[in-house]
Structure formats: structure tokens, C-alpha cells
Amino acid sequence: MFLFEVMSKLEICDEIISEIGLSHSIDAYKNCIVKEITDRKKYVIEKNVNKCIKYKSHELSTFEVDLLIQKKIIIMVNVKNMIYDADVVRLRNYVKRYDFDYGYFINFSQIGIQIQKVFHSGDSFYASFWKMSKVRVYLVAFPYQMKTGR
């Protein structure tokens, strides 16, 4: 299952921005994404799912996954100036630790939408980046391999 089967060419994000614009809350965008995906495909989507962080079988804390699709794809949603390296590393760690197929970080910024995708193949992790401005100019960066060492 590949999320861009549903989110072909960023059309869901484009639809959301066309309908409600920018500068809304994270929850508003989460609800819009859920509505768009469930209207297009009948995927099971869970919102605000808490996952346990364990160390040597001891529960340390939890982290919240904004959206979980079919229990295999995570989507983190934010509203800030840009996607930072720390966001990508956190997303990569979630995908790796909990064996998700893909992770997406969707940022609804003042200047447009940024989407960072993280996935793994064997022991390697890959990331790709999409950006859409308010005038719907699409820029696609080539995937690059992420180092998995510590």
C-alpha cells in the first residue's frame, strides 16, 4: 500500500489549501486529511495514537502519532516555518522502531506545503521531499539515502 496512491501529486493537500487556506491549527489539517483520504479510499485511519517508548522492556514514555493509516503508515502534521532535520530524524526513528511501511511529515507553512517522506528498504532509510507553494508550483527533490549509523 502506497499513500500516494491516495495522495497522487499532492492533490489532497492542494484540495485542503484550496478549500480552507493556510494559517489554521494542526487539528484542522489533520481532520481535513482524514476526510480526504476516507472519502477517496476506505482506509482505516486512527488519529492521535499513543505509542509506548520502551527501554529494556521498561516503559519510559509515549509519543503521539498524528495519523495512522492501516496500522502501517504514519503521518505527522505540523504548522511551522519549515521541516527541520530533527523532524526527519524523529520520523525515521518512528518508522524504524515500530516497523511502519512509510512515514510522512506534512507541514502547512505560511508559504505553502512541505511533505517529507521516509521509508526503509532493508537496513537503509530513504527520504524524499516535496514542496508546494501558494501558487501551486511543484518542486520535487530526488530521494537520498539516510545514514543509519549512530
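In this predicted model, helix 1 covers residues 11–20, and its buried residues are I12, C13, D14, I16 and I17. C13 has a relative accessibility of 0%, so it counts as buried. Directly after helix 1 comes G21, whose phi angle is positive, near 80°.

## Overall architecture

The protein contains 3 helices and 8 strands. Read along the sequence, these elements follow the order α-α-β-β-β-α-β-β-β-β-β. The protein has 150 residues, of which 42% count as buried. Its exposed area is about 8600 Å², and carbon and sulfur atoms supply 51% of that area.

Contacts can also be sorted by how far apart the two partners lie in the sequence. Among contacts with a separation of 6 or more, 49% join residues that are 24 or more positions apart.

## The nonpolar cores

In soluble globular proteins, nonpolar side chains tend to be buried together. In this model, the largest nonpolar core has 22 residues. The residues with the most contacts inside this core are I33, I37, I75, I106 and F108. Several elements contribute to this core: helix 1, helix 2, strand 2, strand 3, strand 4 (102–109) and strand 5 (112–121) each supply at least two of its residues.

I33 serves as an example of these contacts. Leaving out residues up to four places away in sequence, I33 touches I16, L67, I75, V77, I106 and F108. A second core, separate from the largest one, has 15 residues, and M76, V95, F100 and V118 are among them.

## A buried asparagine in strand 3

Strand 3 spans residues 73–78 and includes N78. Is N78 buried or exposed? The relative accessibility of N78 is 17%; because residues under 20% are classed as buried, N78 counts as buried. When neighbours within four places in sequence are set aside, the contacts of N78 are I26, F105, I106, N107 and F108. Two of these partners, I106 and F108, are also named among the residues with the most contacts inside the largest core.

## Salt bridges

The structure holds 6 salt bridges. The table presents three of them, with the distance between the nitrogen and oxygen atoms.

| Lysine | Aspartate | N to O distance |
|---|---|---|
| K30 | D27 | 3.6 Å |
| K30 | D66 | 3.4 Å |
| K80 | D87 | 2.7 Å |

The salt bridge between K80 and D87 pairs residues of unlike accessibility class. K80 has a relative accessible area of 23% and is therefore partly exposed. D87, at 6% relative accessibility, counts as buried. Elsewhere, salt bridges with shared partners join D27, K30 and D66 into one network.

Within this network, K30 and D27 both belong to helix 2 (residues 26–40), where they lie 3 residues apart, about one turn of the helix. D27 counts as partly exposed because its relative accessibility is 45%. K30, by contrast, has a relative accessible area of 4% and is therefore buried. The pair K30 and D66 links distant parts of the chain: K30 stands in helix 2 and D66 in strand 2 (residues 58–69), 36 residues apart. D66 has a relative accessibility of 8%, so it too counts as buried.

## Cysteines and disulfides

How many disulfides does a search of the whole structure find? The search finds 0 disulfides. A disulfide is a covalent bond between the sulfur atoms of two cysteines. C13, described above as a buried residue of helix 1, is one cysteine of the protein. Another cysteine, C52, has a relative accessible area of 22% and is therefore partly exposed.

## A nonpolar patch on the surface

Some nonpolar side chains lie on the surface. I53, Y55 and L60 form a nonpolar patch there, and together they have about 310 Å² of accessible area. I53 is located in strand 1, which runs over residues 45–55. With a relative accessibility of 31%, I53 counts as partly exposed, because that class lies between the buried limit of 20% and the exposed limit of 50%.

Notes. Residues numbered from 1 in each chain as written. Predicted model: local features only at pLDDT ≥ 70, side-chain atom pairs only at ≥ 80, totals over all residues. Heavy atoms only, no water. Patch = residues over 30% accessible without salt bridge, like charges linked within 9 Å, V, L, I, M, F, W, Y side chains within 5 Å. Areas by Shrake-Rupley, 256 points an atom, 1.4 Å probe, with all protein chains shown as cover. Salt bridge = Lys/Arg side-chain N within 4 Å of Asp/Glu carboxyl O. Helix = DSSP H or I, 4+ residues; strand = E, 2+ residues; numbered from the N terminus. Buried < 20%, exposed > 50% of the residue type's maximum accessible area, 1.4 Å probe, protein only. Contact = heavy atoms within 4.5 Å. Disulfide = S-S within 2.5 Å. Core = buried A, V, L, I, M, F, W, Y, C linked by side-chain atoms within 4.5 Å.
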